[in-house]
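Trainee: I should like to go through the structure shown below, one point at a time.
Mentor: Please put your questions in turn.

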Amino acid sequence: MLQGPFFIPMKRFSLLIILLAVLSCRKENTADNSLSPAYPDYFPAPVYQFNNNTVNKDRFELGKKLFFDPVLSLDSTISCAKCHAQVHAFADHNVSLSAGINGLLGTRNSPSITNMIWSPTFMWDGGVNHIEVFSVAPITNHVEMGESMLSVIRKLNNITAYRTAFKKAYNIDEITDQAMLRALTAYMSMIISAGSKYDEYRQGKTSLSASELDGLNLFRQKCAGCHSEPLFTDYSYKNNGLDSVFNDLGRETITTNSNDRGKFKVPSLRNVELTYPYMHDGRFWSLREVLDHYSNGIVISPSLDASLQHSIPMTIQEKERIIEFLKTLTDWNLVSDQMFNK
Ligand code: HEC
Ligand code: HEC
């Protein structure tokens, strides 16, 4: 009989202890500066080695601040986030070519910048080979941000909040371009897309519908030769038959080898549902148009990939199934994760 009244307070007491333990853990976590990129075991090892730039919360937060700050552009109007928007999986909003400073248009479509730590090269033509130096390109590009590194660093050094943040993150009193580039890299390193339905399927947490599975199998037969799993690109340069006369020489711009004419970096198809329009010049607005291109629109030219010489025959139903599968690559967690917001 006595057990009841004793039992209840005991239970409450232990609940209180658990609650206190949880609260103190949370407190500990906020003080803890550690933060590291996490990815599933079927992903390869990242290419980026984080040498002298281990990610932590201070560095990530500083990189985020820079990523959203138009101070990096000549007239303080354009930030990285303007062309790489989280809601579009860090690609541009609904435009073939992005507008930079003074409304000037670039010549290429802004790609999604998820999973960059696996990319051995950057840009559609692979013109940059290290993520840490990458940001020099948009900052100094005359139509994108139109700034000089010297001037950006001078501006940042005049902002007390940045001085404090760089001191905390990199223990420096004077902001340097290297530290700024590393901070941007720390932010980008965390933009990992590995939370799609496809990933849950790979981890045995969910199943794909019959038509999604059908689409996956068709994709493996017809597309995975270049868009290989699990990152949905093999990072090679290919001519996928868009043109025979090239406004943009693609990879040839970098190698000066005419065999590379019209070859572009195979883009990842993760989040492809959100990253329209498609291709290096944003010429296609829907996935259906992309699939129609592969089945009926391949243009023959000397550097066309051998696997596309006879196009990729697909029925209407097969195209629909492939599109259904491609939509399982959308990572709704990533595009809504508050951690990446300002
Ligand atoms: C005016 C629009 C614009 C702005 C601003 C911009 N970008 Fe980009 N970004 C692009 C375009 C366009 C490309 C493709 C360039 C090319 O291939 O020539 C690109 C490519 C990239 C890539 C390479 C992606 C890949 O898969 O190769 C990264 C990384 C990137 N941008 C990061 C940034 C960062 C960091 C900033 C800010 C410092 C920034 N961008 C500012 C439009 C922009
Ligand atoms: C021979 C290699 C190759 C094969 C096979 C291939 N692709 Fe591509 N794909 C590319 C290249 C290269 C690009 C970028 C071309 C460009 O922009 O100039 C691309 C671009 C795309 C894009 C645009 C992505 C973006 O972000 O702009 C989509 C979507 C796409 N491919 C889907 C597919 C599908 C679906 C299949 C199978 C039916 C397929 N691809 C087969 C090489 C290939």
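The exchange below concerns the ligand sites, a helix pair and some backbone geometry.

Trainee: What kind of model is this, and which pLDDT must local features have?
Mentor: This is a predicted model, in which totals for chains, interfaces and linings use all residues, side-chain atom pairs count only at pLDDT 80 or more, and local features need pLDDT of at least 70. Residues are numbered from 1 along each chain as its sequence is written, chains are lettered from A and ligands numbered from 1 in the order in which they are written, and side-chain values use heavy atoms, with hydrogens and water left out.

Trainee: Which residue is the single protein donor to the iron atom of ligand 1?
Mentor: Donors are N, O and S atoms within 2.8 Å of the metal (3.2 Å for Na, K and Ca), and water is not among the atoms, so sites may look incomplete. The loop between α3 and α4 (131–134) holds a residue whose NE2 atom is 2.1 Å from the iron; this single donor from the protein is His 84.

Trainee: Which residues come nearest to ligand 1?
Mentor: A residue is near a molecule if one of its heavy atoms lies within 4 Å of it. The shell around ligand 1 divides into 15 nonpolar, seven polar and three charged residues, where Ala, Val, Leu, Ile, Met, Phe, Trp, Tyr, Cys and Pro count as nonpolar, Asp, Glu, Lys and Arg as charged, and the others, Gly among them, as polar. Of the 25 residues around ligand 1, the nearest are Cys 80, Cys 83, His 84, Met 123 and Trp 124.

Trainee: At what distance does a polar backbone atom of Trp 124 lie from an oxygen atom of ligand 1?
Mentor: A polar contact is a pair of N or O atoms within 3.5 Å. A polar backbone atom of Met 123 is 2.6 Å from an oxygen atom of ligand 1. For Trp 124, the corresponding distance to an oxygen atom of ligand 1 is 2.7 Å.

Trainee: Which helix gives the most residues to the shell around ligand 2?
Mentor: Around ligand 2 there are 25 residues, the closest being Cys 223, Cys 226, His 227, His 280 and Tyr 294. By class, this shell has 18 nonpolar, four polar and three charged residues. Helices (H or I, at least four residues) are DSSP runs, numbered from the N terminus. With four residues, the helix that gives the most is α12 (residues 287–297).

Trainee: Which residue has a side-chain N or O atom 2.6 Å from a nitrogen atom of ligand 2?
Mentor: Two backbone contacts involve oxygen of ligand 2: a backbone N or O atom of Met 279 lies 2.7 Å away, and a polar backbone atom of His 280 lies 2.6 Å away. The side-chain contact with a nitrogen atom of ligand 2 belongs to Tyr 294.

Trainee: Are helices α2 and α8 roughly parallel or roughly perpendicular?
Mentor: Axes are lines fitted to C-alpha atoms, for helices over the stretch in contact, and angles run from 0 to 180 degrees between N-to-C directions. The axes of α2 (residues 57–67) and α8 (residues 177–189) come within 7 Å and cross at roughly 100 degrees. Angles of 65 to 115 degrees count as roughly perpendicular, under 35 as roughly parallel, over 145 as roughly antiparallel and the rest as oblique. The two helices α2 and α8 are therefore roughly perpendicular.

Trainee: What is the omega of the peptide bond from Tyr 276 to Pro 277?
Mentor: Most peptide bonds are trans. Pro 277 is in the loop between β2 (264–265) and α12. The bond from Tyr 276 to Pro 277 is cis, with omega near -5 degrees.

Terms used. A polar contact is a pair of N or O atoms within 3.5 Å; within protein, one must be able to donate a hydrogen and the other to accept it, and residues adjacent in sequence count only if both atoms are side-chain atoms.
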